[in-house]
Amino acid sequence: MKVLVPDGPLRRELEPLPARVELVSEPAPDVEFVVLTWDMASRVPGLFKELPGVKVVQTLSAGVDWLLPQAPEGVIVCRAVGVHDGPVAEWVVAAILAMQRRLPEFIESQRKAEWNRKPFEATGIDDLDGHTVLVVGHGSIGRAVAARLAPFGVNVIGVARHPREDARPVSELPALLPQADVVVDLLPLTKETEKFVDGAFLGRMKAGALFVNAGRGKTVDTDALLEALLAGHVRAALDVTDPEPLPSDHALWRAPNLLITPHIAGGVVRWDVRGYRFAGEQIRRYAAGQPLLGIESGAVDLKLS
């Protein structure tokens, strides 16, 4: 069984591999499994034309909305389950703490060499104890966020399309949004979630509440968010935007009470090692005819012919 994966030191993180697995670094007609790195992703969709026999594409990203429209019919596309949970969750917690403690404003004061506590004493700096954080799109990353927020005395409420023990149904959002001090958007991008966070959504949020987006930029109506920020109704921390990259002349850069990072929440030093290790597990599963993790599309029969 041939697996396409770039040559390099990270290959060792795929081990141990079954004896029948052959790693190749160039596309071939008989390649069945592809570990799609970021460098290879830039060659899609042309890459698929060189892989007529491909059956599984394992990405190293948490979201695959960008890939699904380009994947040939019947090809199984898998996301990197768990690889980015910890780093993204840490970014969410860091962003919440930074905004609650008003660190961006203090950094600006530092830049100006100003020791001035009066503005902050007048408007207040808050902690997290007893606050409610609403996680919209509550999956594995949401659970990682909840675990990291627990020591701060936070009440985390999850919302998911399919309700379960730790997640409420989407139908309860209108009642939940006014209760939340922080709303975290971890939604994947689909037809249903595009601009899900619109003017009505933001309008239901508590005045002064914090909106945090570490999911997908297009799940938010940017114009509506900008309007809510300019009106002082909400604050925000964004790791993803629409458009992305955010043009230098975009109004969001100058909006008040806003922290922006350039889609780096999951980009920690060891993310690629974790990604390759997960890909190795997927290769072993596929070779053994076992169910794959993180399937987003494709056939259900995963057994080798």
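1. A helix, in the sense used here, is a DSSP run of H or I that spans at least four residues, and helices are numbered from the N terminus. With that in mind, Thr222 can be placed in helix α9, and this note on a predicted model begins from that residue.

2. Is Thr222 buried or exposed? The cut-off for a buried residue is under 20% relative accessible area, and Thr222 counts as buried because its relative accessibility is 10%. Leaving aside residues up to four places away in sequence, Thr222 touches Asp242, His250 and Leu252.

3. The rest of helix α9, which covers residues 222-230, deserves a careful look, since Thr222 shares its buried state there with Ala224, Leu225, Leu226, Ala228 and Leu229. Which elements do the buried residues of α9 pack against? They pack against the helix α8 (199-204) and against β10 (209-213), β11 (234-238) and β12 (258-260).

4. The two ends of α9 can be described separately. At its start, a side-chain oxygen of Asp221 comes to within 3.1 Å of the backbone nitrogen of Asp223, while the residue Gly232, which follows α9, has a positive phi, near 75°.

5. Helix α9 also takes part in the largest nonpolar core, which holds 29 residues, and in which Leu134, Val183, Phe201, Met205, Phe211 and Leu225 touch the most other members. Two or more residues of this core come from each of β6 (132-136), β7 (155-160), α7 (173-176), α8, β10, α9 and β11, and it is α9 that gives the most, with 5 residues.

6. Val183 offers a closer view of the contacts around one core member: not counting residues up to four places away in sequence, Val183 touches Leu134, Val136, Leu177, Phe201, Met205, Leu210, Phe211 and Val212. Apart from this core there lies another, of 24 residues, and among them are Val184, Ala214, Ala237 and Ala265.

7. Turning to the strands, how many of them form the open sheet, and in what order? There are 7, arranged as β8-β7-β6-β9-β10-β11-β12, and their pairing is parallel. The edge strands are β8 (168-169) and β12, each of which pairs on one side only. In general, the strands of a sheet pair through backbone hydrogen bonds, in either a parallel or an antiparallel manner.

8. At the β12 end of that order, β11 and β12 pair in the parallel sense over 3 bridges, and Ala236 stands opposite Leu258, a residue of β12. A student may like to recall here that both β11 and β12 are among the elements against which the buried residues of α9 pack.

Technical notes
Residues are numbered from 1 along each chain as its sequence is written. This is a predicted model: local features need pLDDT of at least 70, side-chain atom pairs count only at pLDDT 80 or more; totals for chains, interfaces and linings use all residues. Side-chain values use heavy atoms; hydrogens and water are left out. Buried means under 20% relative accessible area, exposed over 50%, partly exposed in between (1.4 Å probe, protein chains only). Contact means heavy atoms within 4.5 Å. A polar contact is a pair of N or O atoms within 3.5 Å; within protein, one must be able to donate a hydrogen and the other to accept it, and residues adjacent in sequence count only if both atoms are side-chain atoms. A nonpolar core is a set of buried Ala, Val, Leu, Ile, Met, Phe, Trp, Tyr and Cys residues joined through side-chain atoms within 4.5 Å. Two strands pair if DSSP finds at least two bridges between them.
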